[in-house]
Amino acid sequence: MMKSTPFLRHALCLSVLSALAVSAPVFGNESSAQDALPSLTIDLKNVTVSGLSSGGYMATQFQLAHSDWVKGVGVIAGGPYFCAQGDITTALAQCVNKVEGEINLEALNEKAKQYETEGKIASLSNMKDAKVWLFHGTQDTRVIAPVSDLLFEQYKLWTDTQNIAYINDKPMAHLFPTKNNGVNCMKSESPFIGNCDYDAAGAMLSHLVEDVSTPDESLSGQIHSIDQQKIAGSDAKTLASEGFVYVPKSCAQGEPCRAHISFHGCNQYADAVGDAYTTQTGLNEWADDNNIVVLYPQTKKSLFMPLNPQGCWDWWGYASGNYANRNGAQINAVKQLLFSLNSAPSLNKSNGSNND
């Protein structure tokens with residue numbers, strides 16, 4: 001961990017991921033279900049994850065940590081695994097809006113191999129058949145193209161190229177592109193969801209999950225809140241009190257369902273953008289008609305150590321020196337949140353025994 005003074009200076013300079021958001025959460029009826037989470041039967045052996053920006057970095061970290069049961073990953077505006085190398089200065093110099101010097105991709109890959117040898121991530125051989133969907137907008141100046149290009153190059157070393165989709169030719173800013181929700185697609189501004197006439201959620205899930213159906217316009221399910229602190233304990237120290245879960249009606253009625261984890265970006269946590277990220281990306285619409293439960297874990301901002309003034313996911317080491325592997329607090333917390341959703345003891349037990 002860096003000394004507090006330079007850490008403070010650099011962290012507060014994370015303007016590449018927007019100014020601090022100030023809006024408070026205001027949830028509509030569709031996302032305020034406070035009743036008990038219904039009993040769910042979730043396939044925990046075929047999970048998919050995705051994220052935007054810092055959430056994209058976290059999606060890659062989480063997928064590598066648990067690639068034995070996380071079978072697909074979608075990354076919007078993210079960079080290579082372990083890019084920051086545990087150093088906020090490196091993160092700012094090479095992993096967002098500029099690349100000073102040369103990023104040693106071989107060294108980053110060696111770190112993954114080291115973690116594999118130490119049992120801190122799952123076997124990299126699992127990555128061969130993983131499904132990978134990457135996106136970078138041509139107007140994104142907050143995480144620049146060379147950074148996302150390196151993530152693509154990294155995945156090509158691990159994954160069969162036929163399983164990788166990289167969309168990098170669409171004129172869109174640093175945000176989550178949707179068909180018709182959000183702000184001007186050419187402007188990276190809160191809530192960082194863009195009206196782009198492009199359904200990124202659909203394109204991503206269609207690549208990651210076999211035989212998905214195009215959804216209708218109605219939603220059958222509800223968003224439920226979960227107590228992240230109660231579920232994950234000390235591992236959730238840097239997370240918000242509440243996380244959220246979208247549960248399709250079919251899943252609530254007992255049908256077996258898949259799970260998808262969606263990691264928001266910096267300044268996209270619920271205290272900053274309300275229910276925008278949990279309702280406007282398009283993920284719920286696709287999940288609703290395809291028996292997919294969507295977990296939306298939430299960070300929080302912190303102006304004290306560990307410093308995280310924009311509510312980013314930990315991709316440089318503010319929460320844990322093991323932030324990029326199974327021993328990392330946030331990765332372990334999110335795993336606990338996911339497993340807590342499943343009411344089928346046999347599934348929880350079989351997965352838990354393999355991945356602790």
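Which polar atom lies 2.8 Å from the backbone nitrogen of Ile42? It belongs to the side chain of Asn342. Before going further, keep in mind that this is a predicted model.

## A buried asparagine in a loop

Let's stay with Asn342 for a moment. This residue sits in the loop between helix 12 (329-341) and helix 13 (345-355). Is Asn342 buried or exposed? Its relative accessible area is 5%, and buried means under 20%, so Asn342 counts as buried. From that spot, its side chain places a polar atom 2.8 Å from the backbone nitrogen of Ile42.

## Helix 4, end to end

Now for helix 4, which covers residues 105-117. With 13 residues at 1.5 Å a residue, this helix should span 18 Å. Its end C-alpha atoms are 19 Å apart in the model, which agrees with that expectation.

Both ends of the helix have something to look at. At the start, a side-chain oxygen of Asn104 comes to within 3.2 Å of the backbone nitrogen of Glu106. Just past the other end, Gly119 has a positive phi of about 75°.

## Two sides of helix 4

Which residues of helix 4 are buried? They are Leu105, Leu108, Asn109, Ala112 and Tyr115. Looking down the helix axis, you'd find these buried residues within an arc of 110°, so they line one face of the helix. A bit of background helps here: an α-helix has 3.6 residues a turn, so residues three or four places apart point the same way.

Helix 5 (145-158) is part of what covers those buried residues. Turn to the face directed away from the buried side and you meet the exposed residues Glu106 and Thr117. Glu106 is also the residue whose backbone nitrogen is approached by Asn104.

## A sheet of three strands

Next comes an open sheet made of three strands, in the order 6-8-7, with parallel pairing. Strand 6 (176-178) and strand 7 (183-184) are at the edges with a single partner strand each, so one side of each has no neighbour in the sheet.

Strand 6 pairs with strand 8 (residues 193-195) in the parallel sense, over three bridges. If you want a place to start looking, find Phe176, which stands opposite Ile193 in strand 8.

## Salt bridges

How many salt bridges are there? The count comes to seven. One of them joins Arg326 and Asp68, whose closest N and O atoms are 3.4 Å apart. Arg326 is in the loop between strand 12 (292-296) and helix 12, while Asp68 is in the loop between helix 2 (54-65) and strand 3 (70-76), so the pair ties together parts that are 258 residues apart in sequence. As for their surroundings, Arg326 counts as buried at 14% relative accessibility, whereas Asp68 is partly exposed at 25%.

Another salt bridge links Lys98 and Glu100, with 3.2 Å between the closest N and O atoms. Lys98 is partly exposed at 36% relative accessibility, and Glu100 is partly exposed at 45%. Glu118 and Lys120 make a salt bridge too, their closest N and O atoms being 3.6 Å apart. Here Glu118 is partly exposed, with 43% relative accessibility, and Lys120 is partly exposed, with 21%.

Conventions
Residues numbered from 1 in each chain as written. Predicted model: local features only at pLDDT ≥ 70, side-chain atom pairs only at ≥ 80, totals over all residues. Heavy atoms only, no water. Helix = DSSP H or I, 4+ residues; strand = E, 2+ residues; numbered from the N terminus. Expected span 1.5 Å × (residues − 1). Buried < 20%, exposed > 50% of the residue type's maximum accessible area, 1.4 Å probe, protein only. Arc of directions from axis to C-beta. Contact = heavy atoms within 4.5 Å. Polar contact = N/O pair within 3.5 Å; in protein donor to acceptor, adjacent residues only side chain to side chain. Pairing = 2+ DSSP bridges. Salt bridge = Lys/Arg side-chain N within 4 Å of Asp/Glu carboxyl O.
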